[in-house]
Amino acid sequence: MSAYSFFQGVEKYFDQAAPFTGLPQGLLQQIKGCNAVLRVQVPLKLANGDVEVLEAYRVQHSNHRQPTKGGIRYSEDVNQDEVMALAALMTYKCAVVDVPFGGAKGGIKINPKKYTVEQLERITRRYTAELVRKNFIGPGLDVPAPDYGTGPREMAWIVDTYTALKHGEIDAAGCVTGKPVNQNGIQGRTEATGRGVFYGLRTACSFEDDMKALGLTTGLEGKTMVIQGLGNVGSYTGLISQKEGGVKVICVAEHDGAIYNAAGLDVEALIAHRDKTGSILGFAGATQLATRGEALELECDILVPAALENQINADNAARIKAKIIAEAANGPVTPEAEAILLQRGCLIIPDMYINAGGVTVSYFEWLKNLSHVRFGRMQKRFEQKAYENIINTVESLTGKKVDERDRAIIVRGADEVDLVRSGLEETMITAYHGIRNTWKSIAGLNSLRTAAFVYAIKKIGNDYAALGIFP
Ligand code: NAD
């Protein structure tokens, strides 16, 4: 499928960017490699008394900032190379969105669908205990989060196990993010990656020059979108892009097939259908495509691969017609495919930027855990009263009354979710401008991805310089 393993692919992208950073070879080498790789065996006792031994990993790519941060993946395809690649991407991602963490990633080689909830709980707790034992987890060391095949439920098991083993540690809740809100999580984390994809796409589509080059107009309204993978990231990307951006989602692909409707699929109704029936197939008004792979090759403005890596590769790249590819998944486009797509003028918005909403809001959750107070708790009523005073003053000065509905909107103080979304929006806009400015200001940069790497590597280089490691 690709001449490069996933990690080699990330290294290749790094190497393309390295000459544009002006950093010396030794420092580049220090940034590029994985700092620590933990491989552990997780034993699971089965009902018949046998023991199944599961392969599990945690990789810390860079410790130039502490803690390190990155999700935990449950998938049959997990292997050391994949976890190393994902950990490396986390380092660059954190740098791109100005989140002060090093990159890490974890994974267990299992298909979670083949295990009972009780077994998954035992696996997760045992894996956490191994991480504690090896000092690979802790609010100041390494902070996991959800990824493919895991979610708030697994994060709750992790924090509970950690807290039990580290009884009395005041900041224990910050040992993992993506927790349920009632378990020291944060409002807006579950939707964060998909919402970040939406903010990123909206920003990318706001540049007239870039849209013109693609034969598109600015703005998201009316643009057609195809989504591969209706999991956490894909479903929120679709929902929010449709509701808040006016995007038309014409096709969704899942592991068991793909459905299409040129007039647009109602993503909310589709999710409800999938939750009820267990599949997206059979959704009213949609046609099923012959194969799920065809979805990627449809004529559309925006293609959102939101499943796994290597989905767009040398085999299918020449048939892909999308004008914009938003890499919601990590590593969905191989280096060979990227060369073909760039040749055709496709705008690839790289994973390390476009799916960084998750780690951004994870950072907010970690800050909340360390401060032990919900965002908005201190200022909400104060703001509300201040706005009320302003309106009352305006009313008494003008002798006119503000409409009750408008008053309610104006005087509302920010809740936690408002602040989280605001911080995420600001982050995604600022980071896109930073990457795009790099892209436009350095001659010879062939893509937004190379620009994102240059932007990230330079920031990490500066961190090392500030640490005194370099020169
Ligand atoms: P998820 O497990 O919630 O969803 C993935 C979905 O993809 C599942 O519904 C699965 O059935 C589907 N799928 C699997 N193979 C497929 C195929 N060949 N064709 C179509 N659909 C397929 O996982 P997620 O958390 O949404 O993660 C998806 C991707 O996004 C991963 O690459 C992950 O690393 C990346 N990501 C996730 C987050 C996060 O916050 N969850 C953050 C950043 C990046």
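Pro-67 sits in the loop that runs between strand E2 (51-60) and strand E3 (68-74). In this predicted model, the peptide bond joining Gln-66 to Pro-67 is cis, with omega at about 0°. Another backbone oddity turns up at Asn-184, which isn't a glycine yet has a positive phi of about 70°. Asn-184 is a loop residue too, placed between helix H5 (152-165) and helix H6 (192-204).

Now to the ligand. It is surrounded by 23 residues, and the closest of them are Arg-73, Asp-147, Thr-193, Glu-254 and Asn-330. Sorted by character, the shell around the ligand comes out as ten polar, eight nonpolar and five charged residues. Among the elements that chip in, helix H8 (232-245) and strand E7 (248-254) each provide at least two residues of that shell.

A few polar contacts to the ligand can be picked out. Arg-73 places a polar side-chain atom 2.8 Å from a ligand oxygen. For Thr-193, an N or O atom of the side chain is 2.8 Å from an oxygen atom of the ligand. Val-233 joins in through its backbone instead, with an N or O atom lying 2.9 Å from a ligand oxygen. As for how much of the ligand is covered, it would expose 830 Å² if taken alone, and the protein buries 89% of that.

Further along the chain, there is a helix pair to look at. Helix H15 (residues 416-441) and helix H16 (residues 448-467) have axes that come within 8 Å and cross at roughly 105°. Since angles of 65 to 115 degrees count as roughly perpendicular, H15 is therefore roughly perpendicular to H16. On the H15 side, the contact is made by Thr-430, Ala-431, Tyr-432, Gly-434, Ile-435, Arg-436, Thr-438 and Trp-439. H16 answers with Leu-448, Ala-451, Ala-452, Val-454 and Tyr-455. Split by type, the residues of this H15 and H16 contact are nine nonpolar, three polar and one charged.

Definitions and conventions. Residues numbered from 1 in each chain as written. Predicted model: local features only at pLDDT ≥ 70, side-chain atom pairs only at ≥ 80, totals over all residues. Heavy atoms only, no water. Axes fitted to C-alpha atoms, helices over the stretch in contact; angles between N-to-C directions. Helix = DSSP H or I, 4+ residues; strand = E, 2+ residues; numbered from the N terminus. Parallel < 35°, antiparallel > 145°, perpendicular 65-115°, else oblique. Contact = heavy atoms within 4.5 Å. Nonpolar A, V, L, I, M, F, W, Y, C, P; charged D, E, K, R; others polar. Near = heavy atom within 4 Å. Polar contact = N/O pair within 3.5 Å; in protein donor to acceptor, adjacent residues only side chain to side chain. Areas by Shrake-Rupley, 256 points an atom, 1.4 Å probe, with all protein chains shown as cover.
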